[in-house]
Amino acid sequence: MPTTNGNRPILDLKRWEMCAPAPSATAAAQFVISSRHFRQQQMLVRSNTEAWMYLPSEDSWVQLASPALAGTFGAGACGVAGGWSTGATVAVTSLTATGGTTSTIVTNQTLARDLRGYQVHVLAGPNAGVTLAIRSNTIGTNATITVDAQGSAFSASTVYRLLTPRFYLLGAGTLASGSFRVYDWATNTYQTLSQTGLPASIGTDGRLIATPSVLDGEYRQFATGTATAGGSTTLDNSAKAWATNQWANSQLRIVSGTGAGQIRTIASNTGTQLTVSAAWTTNPDATSVYSIEGNDDFLYFIGNNAVTLYRYSISANTWTTLTPGTARGGAPGAGMSGHWVHSVTANDWTAENAILNGRYVFSFRGAAGALLDRYDIAGNTWAAITYSPNTETLTTGTKYAYHDDRLYIQKDATGRWFAFDFARSEMLPWSTLLYTQGAAVLGDTAFDVIYKDGATELFYVHFLLNTSTIHLRQMVI
């Protein structure tokens, strides 16, 4: 029987529910990385050497191997989940199979997990472009993934990526090799990534931000269509009337037809033509079905008591300092936020030519202030956002959880929660916690969990209290 949600505002009051307590009391700089994949794993990083995984379906915790982060764990440590994986391999955009059949892909990876329910995306070779549910897989070296039978046999020319969780961790203190690492869930491995290009040390507070194309097991598509022509670095759709460069830094994926499976970063666009940053392997044509999405290759870092903005390329394993045309108005401090906003349901946000969804990173500055800034990914500019009322200040102990239209905010360690509505640019009162918290500590330990049953979606805000083992959740009505 399908799930229905009969809860109604005013009629039904919100209630915090007790969940499995944290492994030990939350302390300064600890944070939770929230995965928006099939099983919605949540990674709690407690120190440079201790990490845990929370599984919402079981409401329980399990300890992971040590992250072995370099530096001194403290203010500024942060993390984010990526939307796709290349297993234990870094600085690449894809993996290449070692063989296969019409229903199997023999990987070049040593898989350590059962991946049933997750997906594999074929980028090139036989059956290019398809995204397939993983029905089963073997464990160990050159693991074999089983999918539904396809028209052609997968082979050693099959290029693919896994749509499984990948957790990026950035340490604090003086940076060194091992300060920036990634935990790959499918292979149960940590890999060290480059920290070159970041500041010499990290403190105060900080946020890593991802812009993944896949959320909750589905591609988050901001525009789709069928090309009318294509060139070595272009894709045309003569039916469009896009604003110039509205899609810059987004991702263009060929879903089917000629060139299926290819993914490129959009460098610029006119009203009817997209130009990509690297030449196509196979030029698209009038059969090419495309999708414009968040960019899987980019992570952003903001914070460290500075206005400087950094961008990481996953495929190149390199950091770049961005130079926005309009600089941020002030440095963020303790209690800051940073969220890529991708799923606001208001009509003006979903309209293709408006390109509001997927274009912006919103960031409250914290530092005992109420200021809100917005970074334009396409335009590479910052702007101050006016909202009302803007009297609630945010600092150490503030926690955030983003879902669709709103950002849910626990102020400091007060237990008072607010909901910032993006479409209305309004701060709304949302909930008041009846539990007493300990001392306010830096580090975001709030996260979101979604229950889906057909068209029904129930959204929960989870929260590990300041200086406490208490773990609560509340359904958003």
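These exercises, with worked solutions, concern a predicted model.

**Exercise 1. Strand β30**

Task: Work out how many residues of β30 are buried, and which side chains point which way.

Solution.
- Step 1. Locate the strand. β30 covers residues 298–303.
- Step 2. Check burial. Six of its six residues are buried, so the strand is mostly covered.
- Step 3. Recall the pattern. In a regular strand, side chains alternate between the two faces of the sheet.
- Step 4. Sort the residues. Phe 298, Tyr 300 and Ile 302 point one way. Leu 299, Phe 301 and Gly 303 point the other way. Both sets are buried.

**Exercise 2. The partners of β30**

Task: Find which strands are joined to β30, and name a residue pair for each.

Solution.
- Step 1. Start with β20, residues 206–210. Five bridges join β20 to β30, and the two run antiparallel.
- Step 2. Pick a pair. Leu 208 has Phe 301 of β30 as its bridge partner.
- Step 3. Turn to β31, residues 306–313. Five bridges join β30 to β31, again antiparallel.
- Step 4. Pick a pair here too. Tyr 312 in β31 stands opposite Leu 299.
- Step 5. Inspect the turn. The hairpin of β30 and β31 has two residues between the strands. Asn 304 in this hairpin takes a positive phi near 65 degrees.

**Exercise 3. Thr 164**

Task: Decide whether Thr 164 is buried or exposed, and list its contacts beyond four places in sequence.

Solution.
- Step 1. Place the residue. Thr 164 sits in the loop between β14 (159–163) and β15 (166–170).
- Step 2. Apply the cut-off. Buried means under 20% relative accessible area. Thr 164 has 0%, so it is buried.
- Step 3. List the contacts. Leaving aside neighbours within four places in sequence, Thr 164 touches His 37, Gly 83, Trp 84, Ser 85, Leu 115, Tyr 118 and Ala 186.

**Exercise 4. Salt bridges**

Task: State how many salt bridges the whole structure holds, then examine selected pairs.

Solution.
- Step 1. Count. The search finds 20 salt bridges.
- Step 2. Take Asp 373 and Arg 365. Their side chains meet at 2.6 Å, N to O. Asp 373 has 1% relative accessibility and counts as buried. Arg 365 is buried as well, at 13%.
- Step 3. Take Arg 416 and Glu 392. Their closest N and O atoms are 2.7 Å apart. Arg 416 lies in β39 (416–421), and Glu 392 in the loop between β36 (381–384) and β37 (399–403), so the pair ties together parts 24 residues apart in sequence. Arg 416 is partly exposed, at 32% relative accessibility.
- Step 4. Take Lys 411 and Asp 412. Their closest N and O atoms are 3.1 Å apart. Both residues are buried.
- Step 5. Look for a network. Salt bridges link Arg 36, Asp 216, Arg 220 and Asp 448.

**Exercise 5. A four-strand sheet**

Task: Give the strand order of the open sheet of four strands, and explain why one side of each edge strand lacks a neighbour.

Solution.
- Step 1. Write the order. It is β1-β43-β42-β41, with antiparallel pairing.
- Step 2. Find the edges. β1 (16–18) and β41 (446–453) each have a single partner strand, so one side of each is left without a neighbour in the sheet.
- Step 3. Add the twist. Neighbouring strands of this sheet are turned by 30 degrees against each other on average, direction ignored.
- Step 4. Check an inner pairing. Five bridges join β42 (456–464) to β43 (471–475). Tyr 460 has Met 475 in β43 as its bridge partner.

How values were computed: Residues are numbered from 1 along each chain as its sequence is written. This is a predicted model: local features need pLDDT of at least 70, side-chain atom pairs count only at pLDDT 80 or more; totals for chains, interfaces and linings use all residues. Side-chain values use heavy atoms; hydrogens and water are left out. Buried means under 20% relative accessible area, exposed over 50%, partly exposed in between (1.4 Å probe, protein chains only). Two strands pair if DSSP finds at least two bridges between them. Contact means heavy atoms within 4.5 Å. A salt bridge is a side-chain nitrogen of Lys or Arg within 4 Å of a carboxyl oxygen of Asp or Glu. Axes are lines fitted to C-alpha atoms, for helices over the stretch in contact, and angles run from 0 to 180 degrees between N-to-C directions.
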